[in-house]
Amino acid sequence: MSSEENKTKERIKHSSDVSPTFCILPWIHLSTRPNGHMRVCCTANASSAGATNDKKYGGEVGILKNDDGKPANLNHTDLLSAWNNSYMKDIRTKMLNGEIPPSCTKCFKEEEAGHSSKRVWETAYWLKRIDAKELIDNTKEDGSIPPQIGYVDLRLGTKCNLKCIMCSPHDSSLWVGDWKKLYPQIQNDSLRGIMTWSNKGQVDGATYDWHKENKQFWEQLYEQIPNMKQLYFAGGESTIIEEHYTLLEECIKRGEAHHIELRYNSNGIEMPARLFELWNHFQRVRFHFSIDSIKEMNDYIRHPSKFEHIEKQLRLLDETPDNVEVTIACAVQMLNMYYIPDFIRWKLEQNYKKINPYPLGAGLINFHFVYHPANLNVKVFPPAFKAKVRKKYEEFFQWLKENYRDDQEFLDNAYGIKRLKGMVSFMESEDWSQRMPEFREYIRIMDGIRGTRFTQVFPEMAELLEATPQDESLSQNSVS
């Protein structure tokens with residue numbers, strides 16, 4: 001963690017104003033899913049991901065529930081009703097009482113493993129902009145707070161132009177065709193449970209067109225624009241979704257864009273001139289370019305992208321105005337964990353002016369972990385391969401010191417060597433290797449569907465596709 005994040009964590013831990021389990025997000029933020037489900041934040045519903053498919057907390061931890069226990073979905077509810085529903089109120093009261101809400105397990109596990117969690121870095125970021133004491137003072141005994149929403153995460157359906165290996169039809173429309181070929185072939189019960197797409201996502205009143213049909217949501221969101229400090233857009237792919245542009249235009253029309261920060265997680269495939277023109281009106285744009293490796297490895301992971309086009313888009317972003325901040329956002333998983341040192345070397349060789357300029361990401365790359373599908377989480381590596389990964393990273397740390405920077409500022413930077421060490425520690429923190437049969441089956445089927453060749457693209461990991469005598473027992477143990 002950075003010194004700022006460490007200070008934030010210590011402030012949370014010892015302050016009389018907040019509890020040690022406090023996170024600022026339930027007081028300022030709501031997050032949507034592409035199907036209209038609402039959640040505490042974009043990582044909360046990964047908190048039940050584990051070594052098995054035990055569906056702890058009903059498998060929907062982090063998804064806001066109505067009083068009837070069903071998900072609060074924007075096909076049949078509205079923004080302000082969700083803001084102070086019983087689920088959100090319970091999370092706030094639990095945090096103020098020093099308890100860890102089930103929806104927040106993921107963050108605390110990452111912190112225990114030495115990784116800087118979303119809870120910590122988001123709270124550090126927002127405490128510079130918002131008075132936490134004032135938020136808490138305005139919180140009623142039942143956990144309700146005034147509807148002054150400052151930060152919204154919008155997933156406007158599933159329209160997308162990629163079908164990444166770690167994605168699904170829940171988040172990408174382009175995945176539907178592959179899912180129809182994949183699902184009937186799955187033999188492993190645990191993998192089948194992970195890849196289920198019940199009723200084409202239309203459960204509990206959900207649809208992927210909620211953003212086109214819920215006029216009340218948009219009316220209430222527009223009313224919150226004067227309070228808004230950040231609008232965050234992620235998958236599907238916002239740059240090809242018209243409602244994303246309509247919202248930006250509304251902020252400009254109302255004269256409020258100057259105090260709003262835009263944030264994106266985007267595959268960057270399509271960035272029309274119209275997008276850059278709109279960005280000029282906003283206080284700041286933080287563009288997290290989703291790239292997961294280099295060359296054919298990235299093309300495999302973020303199928304069917306072409307790395308030559310990704311390089312072209314990076315050069316385009318490298319020429320944007322000063323109000324645009326650009327970082328590479330890498331989704332860390334089994335397919336790229338071993339190769340991240342090579343990815344960082346490649347990035348440093350490009351000499352970009354504003355792609356992760358130091359100190360952003362320590363001048364390297366930004367990272368977050370993949371939790372779904374769980375069979376691609378880095379904890380699944382067998383112990384022997386984890387040792388191989390650790391050895392490569394330790395050699396890379398020395399390379400960074402000799403070839404990039406070895407000053408104390410860099411060595412102390414939370415997003416440099418410390419971050420990479422935390423990733424290795426996270427990988428080693430639990431043994432999920434009982435999911436290896438799921439990993440092998442998934443990769444083999446997907447290679448058959450897409451015409452890709454895992455062993456050719458990732459030769460150093462070819463050994464992972466070799467079945468072991470323990471596969472049958474591991475497969476049985478992976479279902480709880």
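Start by selecting Gly448, which in this predicted model is exposed, with a relative accessible area of 63%; that value puts Gly448 in the exposed class because the class begins over 50%. The residue lies in helix α20, which covers residues 436-450. With Gly448 still selected, add Lys181 to the selection: the two are 267 residues apart in sequence, and yet their C-alpha atoms are 9.7 Å apart in space.

Next, turn to the sheet. Select the 8 strands that form an open sheet and follow them in the order β2-β1-β3-β4-β5-β6-β7-β8, bearing in mind that the pairing is mixed. At the edges you will find β2 (38-39) and β8 (366-369), each of which has a single partner strand, so one side of each is left without a neighbour in the sheet.

Within this sheet, go to strand β4, residues 230-233, and show the side chains. Gln230 and Tyr232 point one way, whereas Leu231 and Phe233 point the other way, and all of them are buried. This is the pattern to look for elsewhere too, since in a regular strand the side chains alternate between the two faces of the sheet.

Now add the strands that pair with β4. Strand β3, residues 151-154, pairs with β4 in the parallel sense over 4 bridges, and here Tyr151 stands opposite Gln230. Strand β5, residues 261-266, also pairs with β4 in the parallel sense, over 4 bridges, and in β5 the bridge partner of Tyr232 is Arg263. To see how the chain passes from β4 to β5, select helix α12, residues 242-253, along with both strands: together the three elements make a right-handed β-α-β unit.

Further along the sheet, select strand β6, residues 284-290, and strand β7, residues 324-332, which pair in the parallel sense over 6 bridges. A pair of residues to label here is His288 and Thr327, since His288 stands opposite Thr327 in β7.

The last stop is the second largest pocket, which has a volume of about 290 Å³. Which residues lie nearest the centre of this pocket? Of the 14 residues that line it, select Trp27, Ile28, Ile130, Leu135 and Gln148, which lie nearest the centre. The elements that give two or more residues to this lining are α2 (25-28) and α7 (132-137), and if you colour the lining residues by class, you will find 7 nonpolar, 4 polar and 3 charged.

Technical notes:
Residues numbered from 1 in each chain as written. Predicted model: local features only at pLDDT ≥ 70, side-chain atom pairs only at ≥ 80, totals over all residues. Heavy atoms only, no water. Buried < 20%, exposed > 50% of the residue type's maximum accessible area, 1.4 Å probe, protein only. Pairing = 2+ DSSP bridges. Right-handed = clockwise from strand over helix to strand, strands pointing away. 1 Å grid on protein atoms, 1.4 Å probe; cavity = no way out; pocket = protein on both sides within 12 Å on 5 of 7 lines; lining within 4 Å. Points joined across faces, edges and corners; volume = space filled by probe spheres on them. Nonpolar A, V, L, I, M, F, W, Y, C, P; charged D, E, K, R; others polar.
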